[in-house]
Amino acid sequence: MSQSSTQPAVVTRVLPNSIAEELGFEPGDRLVRINGQAPRDLIDYQFLCADEDLSLEVEDAQGTPHQIDLEKDYDADLGLEFETALFDGLIQCNNRCPFCFIDQQPPGKRETLYLKDDDYRLSFLYGSYLTLTNLTPPEWERIAQMRLSPLFVSVHATEPEVRSRLLKNSRAGELLQQLAWFQEHRLQIHAQVVVCPGINDGEHLEQTLRDLAQFHQGEVPAVISAAVVPVGLTRFRPTEDELVPVTPEKAQEVIDQVTALQAEFKPQFGTTFAWLADEWFLIAGRSLPTEADYEDYPQLGNGVGSIRQFLTAFAAAAIDLPPRLDEPKRLTWVVGNAVEQAFQPILQRLNQVENLTVEMAAMNSDYWGQEITVTGLLTGHDLLHHLRDRSLGDGLLLPTVLLKPTDPGNPQKWLFLDDQSVKSISDALQVPIFPVDGVDGLIQGCLQPIRQSALEYCH
């Protein structure tokens, strides 16, 4: 575990018309203590600020201390945003999982790409996955005391020897006892299983899902759901990692195996419980499940149903598409080739709008060395590799899922995973790039007048 002492929380934004704005807070101010306590993280901040009477110790950007006493409604938010959710440092991972994406990157990129997060706070706040192997007794106690639930846990295997082999950590074998702890404390997790062919597939995968299902019992099931995800391998991974890629045949096998277990779990629990990531169906060349099959999308963060949800949301939004645009517009929509076939209905519907032409640029990743690529892994290198000699029309529609918003007010500074900026790729391709977020962003990017789009691009 790598964790530094608690530092003051640095304010990056003061929300308009908020209590903090009224009090005179400004970006750069540092929140030191709340009612005498130094908050360790955003969880402490939210908990301490729930009180009606607050005494805040603050340092301004020049280092001058201030004492602020106030009364407010219980649970009313102050309206502050911070540069990080963790004021005492990130709990990093001490496992050496061979499939870890952090270790499958080239050297020399921005430092944050190499941070191995295994922090329960980020799991609770944002749904990131942790292994539980790095938790100390005080942290287990805090999870119980503050009811930090649900958490999101990378399981991979429940058999101690298999999980220890995968995580390369002897403590990894304690998982079943840890799940029993969650059950005893009436706390919950969502589980993730990354399938590595030849290591935790076949009978091991069945054992894992059956073991997890044993904790889906009672009024407060300890394991709410489990996602089954195929291992992703890049050309930068260590050669001695003993991993092999998922083939279409293996994808067919896993789909059939998990589908049989789903049919068993559904009548027993009233839920499918174990879920297959969309990638399995794409690799296998099989049709995606229907919208009803995903229930309330409990594993969306693992790519379970994200394609179906996007298709459903687009179908609803497309009802309001206009019959025509006032002026001709031709755009290129960048996606990973994993969704090329699934998104054809979207492409066809957009092109029914008169004067609108949308072409799809579906691509694999030359950068990562992957034949089938989800959109979120595409890099600036990949756009240059695939699009340099292509006529791109009036602009590129670029999903924000593949960008790091380094400067919220200026999307042209946002970075791809290979550290290239939107502006640098736009300049190289000599075409405006419009980052679009979700279905609404895609439609807005298509319908916006070219002149307005160009103004926003220049800004």
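**Parallel strands and their surroundings in a predicted model**

Valine 228 stands opposite leucine 276 in β9. The model is predicted, and this pair is a starting point for the strands around β8. Strand β9 covers residues 274–276, and β8 pairs with β9 in the parallel sense over 3 bridges. Valine 228 also has a counterpart in β7: valine 193 stands opposite valine 228 of β8. Strand β7, residues 189–195, runs parallel to β8 and is joined to β8 by 7 bridges. Between residues 203 and 213 lies helix α7, and β7, α7 and β8 together make a right-handed β-α-β unit. Strand β8 itself, residues 223–230, is mostly covered, with 7 of its 8 residues buried.

A further set of strands comes later in the sequence. Here 4 strands form an open sheet with parallel pairing, in the order β11-β10-β12-β13. The edges are held by β11 (354–363) and β13 (433–436); each has a single partner strand, so one side of each is left without a neighbour in the sheet. On average, and with direction ignored, neighbouring strands of this sheet are turned by 30 degrees against each other. Helix α12, residues 380–387, packs on the sheet, where it touches β10 (324–336), β11 and β12. The direction of α12 makes about 110 degrees with that of β11.

At the β13 edge, strand β12 (residues 395–399) and β13 run parallel and are joined by 4 bridges. Proline 399 has valine 436 of β13 as its bridge partner.

The loop between β11 and α12 contains threonine 373. Threonine 373 has a relative accessible area of 0%, so this residue counts as buried. Which residues is threonine 373 in contact with, leaving aside its neighbours within four places in sequence? They are Gly336, Asn337, Ala338, Met363, Asn364, Ser365 and Leu378.

Helix α13 spans residues 422–429, and its residues Val422, Ile425, Ser426 and Leu429 are buried. Seen down the axis of α13, the buried residues fall within an arc of 100 degrees, so they line one face of the helix. Just after α13, glutamine 430 takes a positive phi of about 55 degrees.

Cysteines are the last topic. The structure holds 0 disulfides. Cysteine 49 has a relative accessibility of 6% and therefore counts as buried. Cysteine 446, at 0% relative accessibility, also counts as buried.

Key
Residues are numbered from 1 along each chain as its sequence is written. This is a predicted model: local features need pLDDT of at least 70, side-chain atom pairs count only at pLDDT 80 or more; totals for chains, interfaces and linings use all residues. Side-chain values use heavy atoms; hydrogens and water are left out. Two strands pair if DSSP finds at least two bridges between them. Helices (H or I, at least four residues) and strands (E, at least two) are DSSP runs, numbered from the N terminus. Axes are lines fitted to C-alpha atoms, for helices over the stretch in contact, and angles run from 0 to 180 degrees between N-to-C directions. Contact means heavy atoms within 4.5 Å. Buried means under 20% relative accessible area, exposed over 50%, partly exposed in between (1.4 Å probe, protein chains only). The arc is that of the directions from the helix axis to the C-beta atoms. A disulfide is a pair of cysteine sulfur atoms within 2.5 Å. A crossover is right-handed if, with the strands pointing away from the viewer, the path from the first strand over the helix to the second runs clockwise.
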